[in-house]
Structure formats: structure tokens, C-alpha cells
Amino acid sequence: MHGKVIFYEDRNFQGRSYECMSDCGDFSSYMSRCHSCKVESGCWMMYDRPNYMGNQYFFRRGDYADYMSMFGMNDCIRSCRMIPMHRGSYRMRIYERENFMGQMHEMMDDCDNIMDRYRMSHCQSCHVMDGHWLMYEQPQYRGRMWYFRPGEYRSFSNMGGMRFMSMRRIMDSWY
């Protein structure tokens, strides 16, 4: 699966454009600002700082004529990362404390509220075994989000104090 997104300097797909088909750590050499985009294929994480830093936003196929007001963003997109399509099972272990300590729950599907489902007030580390996931700071998939690909995440303290309360799988049907 190849991804493609076209970024535009101004709202409503106006001004200079930049076509992107893979990860891009810094748009500044291509355009000074970005206020709209068209995602022609793939799923993407967009970042409001260079080098995949800052707040994260999930984009899938569609036209985003004024994404800043749509997502309540203060800064425009500065970098992007394509999310590879995953076919197969999804599996993640979430832990109450850092370094995979405390209460542990294995997840294979979406969870709109870890407090309601697992009686967990904190999730401070996780191990993603299969699939790609989005985790949200509030229940019901609301608030700031963070993208997790397979790997071990021993501590969320370096993520700007994020506390994750809901999580969902990035499904192949979204592509």
C-alpha cells in the first residue's frame, strides 16, 4: 500500500503545493506554511513540529480544506509519517505503571474507556505486539492522541505528561 498526500500553503487547496508519498521530517524546505491537504491514499500521522514532534493528528483518505479549525490546531503541520497497513490480528498489553509494572491487561480490540472496562485509572506503559494503535488522553477517543506501532513503550512520562484513557486499532478498512 502506497500513501499519497498533497499539502497546500493556504486553505481550500490554494497556493503552492507539495506532494508527499512517504515520511517527511520537515516541510520547511518545500513550503513555509501548510493550511490544507488532500489525502489521496493511506493513513498518516501529522505533527505540528518538525521531526515527528509535538501534537499528533490522524488523517485518512479525504479532503481537509481547513484542517486547523477542524482539529482545533494552533500550529500547522510541519512533518508527517505514513502508517503502514496491517492485516492480521491486533494485540497490545497495557500496564498501570512504568516499566511494565502493576496491573496488566491484554487488548485485542478497541477500548473506549480503560476505567470502565479494566478499573484502571492510569496506563503508563505498553507493549504493542501486533497492529498499529491510536491512544487518546480522554475516554471515547477524545482529546490529544498518540500513534503506537509494534514495540515496547516503557514510560509515557516523556510524552508531555499524556495519560491515556482510550485506545483504538488503525484498521485496514480505513485505507
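How do the residues of the lining of the largest cavity divide into nonpolar, polar and charged, and what are their counts? In this predicted model, the lining comprises 3 nonpolar, 3 polar and 1 charged residue. The paragraphs below take up the cavity itself and then the strand pairing around β8.

Rolling a probe the size of a water molecule over the atoms shows where empty space is left. Across the whole structure, a search of this kind returns 1 cavity of 30 Å³ or more. The volume of the largest cavity is about 30 Å³. Its lining is formed by G54, N55, Q56, R144, M145, W146 and M162. Two strands, β5 (53–59) and β12 (142–148), are the elements that give two or more residues to this lining. Both domains take part in the enclosure: domain 1 (4–83) and domain 2 (91–174) each supply at least three of the lining residues.

A second region of interest is strand β8, which covers residues 91–97. Strand β8 pairs with β10 (residues 125–130) in the antiparallel sense, over 5 bridges. Within this pairing, R93 has H127 of β10 as its bridge partner. Strand β8 also pairs with β9 (residues 101–107), again in the antiparallel sense and over 5 bridges. Here I94 stands opposite H105 of β9.

In a regular strand the side chains alternate between the two faces of the sheet. The connection from β8 to β9 is a hairpin with 3 residues between the strands. In this hairpin, N99 adopts a positive phi near 60°.

Note on methods. Residues are numbered from 1 along each chain as its sequence is written. This is a predicted model: local features need pLDDT of at least 70, side-chain atom pairs count only at pLDDT 80 or more; totals for chains, interfaces and linings use all residues. Side-chain values use heavy atoms; hydrogens and water are left out. On a 1 Å grid over the protein atoms alone, a cavity is a set of points where a 1.4 Å probe fits but cannot get out, and a pocket is an open set with protein on both sides within 12 Å along at least five of seven lines; lining residues have an atom within 4 Å of a point. Grid points are joined across faces, edges and corners, and a volume is the space filled by probe spheres set on the points. Helices (H or I, at least four residues) and strands (E, at least two) are DSSP runs, numbered from the N terminus. Ala, Val, Leu, Ile, Met, Phe, Trp, Tyr, Cys and Pro count as nonpolar, Asp, Glu, Lys and Arg as charged, and the others, Gly among them, as polar. Domain bounds come from an automatic or database domain assignment. Two strands pair if DSSP finds at least two bridges between them.
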